[in-house]
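Reader: Please show me the structure. I would like to ask how some of the terms used for it are justified.

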Amino acid sequence: MANNKKKGGMPLIVMIILIVAAAAGAYFYTLNSYMREKYAGSAMAYSRNLIRNMDESDPDYKYVKKYYTEEQLANIRSNTVSVEETSDNSETGNTEKDDGIEIVPVYGSTYEGYLMLVHDPSDISVEVNPYLGTGADAPDLDTYVETNKAMGGINGGGFEDVGGNGNGSIPEGIVIHEGKIVYGSPSSYQTVIGVDNNNKLICAGMTGQQAIDWGLQEAVTFDPVFINNYEVVYKQTSHLAMLNPRTAVGQRSDGTFMLLVIDGRGPTSFGALYEDVIKIFQANDAVMAANLDGGNSSAMMWNGEYVNTPVSMYGSRNLPTVFLVKEGN
């Protein structure tokens with residue numbers, strides 16, 4: 001006798017509905033993940049540029065609104081994101097270090113970087129390549145920090161860099177160390193960035209001899225000067241109006257040194273203009289501020305590790321001069 005009982009199983013229509021639902025769920029999950037990475041992911045400089053130039057009628061704008069508050073969107077779209085927005089003691093704000101030193105993340109519409117605040121100006125020192133002018137390779141930032149038992153530091157003045165392969169042996173202009181001119185001529189007129197015998201930052205055009213007469217103990221050469229006695233003295237020149245990694249130094253009226261490094265030439269940070277650097281220093285009440293060697297040289301270290309992401313995958317380049325934060329000066 002034939003068995004006419006129907007076999008159990010999921011009806012075809014139910015199976016089709018489940019498959020369609022699973023496919024739709026996977027699609028929307030993938031789409032949302034893509035949109036989140038595009039507009040609020042790891043490449044924040046890229047994301048902020050997209051948002052700033054986006055029309056609110058753009059279909060993607062509804063996704064953007066999911067990832068930011070109205071205030072955050074207004075700041076991004078008006079290009080007013082600044083250091084103050086990350087100046088709390090949270091995970092993305094100030095990081096308090098040993099001896100009252102702070103490292104503050106800074107960012108704008110095209111850049112991300114770090115501002116190291118050294119509250120005791122006597123903790124700052126300038127170190128120079130021991131093989132200066134000999135043709136031998138200069139140390140990298142790691143070696144300077146380790147050799148001098150420093151807590152951290154940044155790159156300093158410029159150097160000859162023919163073909164982008166400079167080894168840090170031949171610096172630009174004048175270098176002063178321990179109150180003596182160790183490179184350059186006393187009669188040479190340069191933009192000098194240095195520290196005098198009162199731990200005061202001096203940024204001005206002068207001869208090497210004038211720098212010694214003014215009491216500079218340590219000095220490097222680079223330009224331009226950004227701020228002098230609270231006044232912006234930088235004059236824009238069109239050939240420098242480009243985004244790049246930046247390194248700069250400034251000082252507050254209370255003596256606090258500000259060491260700034262901004263990343264560039266990468267997906268998370270395109271780089272900054274000089275005007276961006278000036279705004280950061282103005283927001284931090286700089287009396288004096290000046291540019292140091294940027295580009296591939298820009299590097300900041302703290303506690304044996306890089307704080308920023310140097311352009312070179314190998315870390316710091318060979319550098320003729322560096323600004324260091326010494327322990328127990």
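Author: This is a predicted model. One place to begin is Ile227, whose bridge partner in strand β15 is Ala289.

Reader: What makes strand β11 and β15 a pair?

Author: A pair needs at least two bridges between the strands. Strand β11 (residues 225-228) is joined to β15 by 3 bridges, so the two count as paired. They run antiparallel.

Reader: Which other strand is joined to β15, and by how many bridges?

Author: Strand β13 (residues 246-252) is joined to β15 by 6 bridges, also in an antiparallel run. Thr247 has Leu292 of β15 as its bridge partner.

Reader: Why is β15 called largely enclosed?

Author: Buried means under 20% relative accessible area. In β15 (residues 286-292), 7 of the 7 residues are buried, so the rest of the structure largely encloses this strand.

Reader: What covers the case of strand β4: are its faces buried or exposed?

Author: Ile124, Val126 and Val128 lie on one side of β4, Ser125 and Glu127 on the other, and all are buried. With 5 of its 5 residues buried, β4 (residues 124-128) is therefore largely enclosed by the rest of the structure. β4 pairs with strand β18 (residues 321-326) in the antiparallel sense over 5 bridges, and Ile124 stands opposite Val325 there.

Reader: Why is Leu18 called partly exposed?

Author: Partly exposed lies between under 20% and over 50%. Leu18 has a relative accessible area of 48%, so it is called partly exposed. Leu18 sits in helix α1 (residues 12-40).

Reader: What does Leu18 form together with residues such as Met10 and Val20?

Author: They belong to a nonpolar patch on the surface, which also includes Ile13 and Met15 and has about 950 Å² of accessible area together.

Note on methods
Residues are numbered from 1 along each chain as its sequence is written. This is a predicted model: local features need pLDDT of at least 70, side-chain atom pairs count only at pLDDT 80 or more; totals for chains, interfaces and linings use all residues. Side-chain values use heavy atoms; hydrogens and water are left out. Buried means under 20% relative accessible area, exposed over 50%, partly exposed in between (1.4 Å probe, protein chains only). Helices (H or I, at least four residues) and strands (E, at least two) are DSSP runs, numbered from the N terminus. Patches are made of residues with over 30% relative accessible area and no salt bridge: like charges are joined within 9 Å, nonpolar side chains (Val, Leu, Ile, Met, Phe, Trp, Tyr) within 5 Å. Accessible areas come from the Shrake-Rupley method with a 1.4 Å probe; for residues, only the protein chains shown count as cover. A salt bridge is a side-chain nitrogen of Lys or Arg within 4 Å of a carboxyl oxygen of Asp or Glu.
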